[in-house]
Amino acid sequence: AASGNYHFIPYVTTTNDDFLCCENDFQRRVSEFLQPSWDSLLGPFCQPLLDKLISLLKDIDVTSCTFAKDTLLSDIRKLREKYQGEDLAKQLSGIKQRIECTEVVTPDIITNLLFSYRDIQDYDGMVKLVETLEMLPTCDLANQHNIKFHYAFALNRRNHPGDRGKALSIMLEVLNQCVQPAPDMFCLCGRIYKDLFLDSYCDDAVNRDSAIEWYRKGFGLQPTLYSGINLAILLIAAGQQFESSMELRKIGMRLNGLLARKGNLDQMNNYYDVGHFFTVSMLAKDVNKAVQAAEKLFKLKSPFWYLRSLVQNLVLLQQFQKINNDHSPKQECLNFWLDIIVEATKININGLRFPVLILEPTNVYQPSYISINSEADEKTVSIWHVSSEEVKGIHEWNFTSSAIKGISISKCDERCCFLYVHDNADDFQIYFSTEAQCSR
């Protein structure tokens, strides 16, 4: 019988000094009339006390391990909801220490930890977590294909000396062992070869062609925007063009179909989808749609790592796609948005000229540039709008430091500041590419 945290075990001592459990009414009644010659009759009806204790202790161990696993999984999920960036990394280090007990290590727990490290781009944390698993006795989770996939992904992103070669070796081994490889596995191989191609400053045709083959396999197995976009860009890098390549045209048609399933641009609220819309528009050389998508990406505050990957594709397109020599206002507007995306990926912010967005009283973002002249006798700030067919009135300003009343950072968006000036009807609400540029 159980009561609260206690478990009561009724038992009797036989004439032979054996201890038997008597947990039901029948057993207890029989034990009350126990005679020396009845020991052999009572035995089959009663469990030895030692066996009962062993059974209960095993149940306690299983229950406590299950509770520990559930608690750990719940703690990880709560941390992901509560913390971000470096704060989350510190919290995860404490969680990592708790998994060194193999009894609480489960695929769910490890996968959630890997996702948590991935979300804050702590690829070194992902690598060390898997390497910790490899050292744990009686733990074979590190040999599971899903864990190896994330291990190879993290090695490729971390990119320490030898990481990409090791990541490629791991994935090729996994693909050799898998009966039905997932499309993502093919695409990760393609990504590693693509990064090796980029590392060679786009000179290594062997890695480029290997990347094409792996992305082609992934796209053929399950067409996705990710695999299709990368395949198309690498084919362009290999010298193909939409005007003359049947394969590129087929990929383009499939990409348009996949994009149509996402709805129109106004309905998209995920930076992945908007980024795909933007890249497909760049592939199709649709300036209007590319500009609209770039503005949506800015409003969604797309993360640094994603924009950096996007810029890599833009660099390849600008280097290998046929150049558009058009200098129309629409093309200049697109060039501005390309500038603002590239600026968002820069770590060095020592420049004196930045692309910015000025929020007009009509709640329209006006593409502009701001320049700071610190070499003049009196520092000056210049602001001018990017040329537009609809420009009316004044679209260029120059302010000396004495003409500026003050500057304040917005509490709603860390990329935004307010510029207050004398002798001007309106103040300026200015959005930079990054918080660092704004605060500078």
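**View 1. Helix 6 (residues 123-135) agrees with its expected span.** At 1.5 Å a residue, its 13 residues should cover 18 Å, and the end C-alpha atoms lie 19 Å apart, which agrees. The expected span here is 1.5 Å times one less than the number of residues in the helix. Helices (H or I, at least four residues) and strands (E, at least two) are DSSP runs, numbered from the N terminus. Please keep in mind that this is a predicted model: local features need pLDDT of at least 70, side-chain atom pairs count only at pLDDT 80 or more, and totals for chains, interfaces and linings use all residues. Residues are numbered from 1 along each chain as its sequence is written, and side-chain values use heavy atoms, with hydrogens and water left out. The buried residues of helix 6 are Y123, G125, M126, V127, L129, V130, T132 and L133; buried means under 20% relative accessible area, exposed over 50%, and partly exposed in between (1.4 Å probe, protein chains only). As a reminder, an α-helix has 3.6 residues a turn, so residues three or four places apart point the same way.

**View 2. The protein chain has 17 helices and eleven strands.** Of its 440 residues, 44% count as buried. Among contacts with a separation of 6 or more, 52% come from residues 24 or more positions apart, where contact means heavy atoms within 4.5 Å. The chain exposes about 24600 Å², and carbon and sulfur atoms supply 51% of that area. Accessible areas come from the Shrake-Rupley method with a 1.4 Å probe, and for residues only the protein chains shown count as cover.

**View 3. Seven strands form an open antiparallel sheet in the order 8-7-6-5-11-10-9.** Strand 8 and strand 9 (404-409) stand at the edges with a single partner strand each, so one side of each has no neighbour in the sheet. From one strand to the next, the twist averages 30 degrees. Helix 16 (residues 329-343) packs on the sheet, where it touches strand 5 and strand 6, and its direction makes about 110 degrees with that of strand 5. Axes are lines fitted to C-alpha atoms, for helices over the stretch in contact, and angles run from 0 to 180 degrees between N-to-C directions.

**View 4. Strand 5 (residues 353-359) is largely enclosed by the rest of the structure.** Six of its seven residues are buried, so the strand has that enclosed setting. Strand 5 pairs with strand 6 (residues 365-373) in the antiparallel sense over seven bridges; two strands pair if DSSP finds at least two bridges between them. Here I358 has Q366 of strand 6 as its bridge partner. Five residues lie between the strands of this hairpin, in which N363 takes a positive phi near 65 degrees. Two bridges also join strand 5 to strand 11 (residues 428-431), again antiparallel, with L357 opposite Y431.

**View 5. Strand 8 (residues 396-400) has a covered and an uncovered face.** W397 and F399 make up the covered face, while E396, N398 and T400 make up the uncovered one. In a regular strand the side chains alternate between the two faces of the sheet. Five antiparallel bridges link strand 8 to strand 7 (residues 380-385), and N398 is the bridge partner of S382.

**View 6. The largest nonpolar core holds 104 residues.** The members that touch the most others are L133, M171, F278, M282, W337, I341 and L357. Another core, of 17 residues, lies apart from it and includes V381, C417, L419 and F432. A nonpolar core is a set of buried Ala, Val, Leu, Ile, Met, Phe, Trp, Tyr and Cys residues joined through side-chain atoms within 4.5 Å.

**View 7. N112 of helix 5 (residues 107-119) and V105 of the preceding loop.** With 12% relative accessibility, N112 counts as buried. Leaving aside residues up to four places away in sequence, N112 touches L73, I76, R77 and R80. V105 sits in the loop between helix 4 (85-98) and helix 5, and at 11% relative accessibility V105 is buried. Its C-alpha atom is 9.5 Å from that of L72, 33 residues away along the chain.

**View 8. F186 is part of helix 9 (residues 183-199).** F186 is buried, at 14% relative accessibility. Its contacts, not counting residues up to four places away in sequence, are L175, P181, W214, K217, G218 and L221. F186 and Y215 are 29 residues apart in sequence, with 6.4 Å between their C-alpha atoms.
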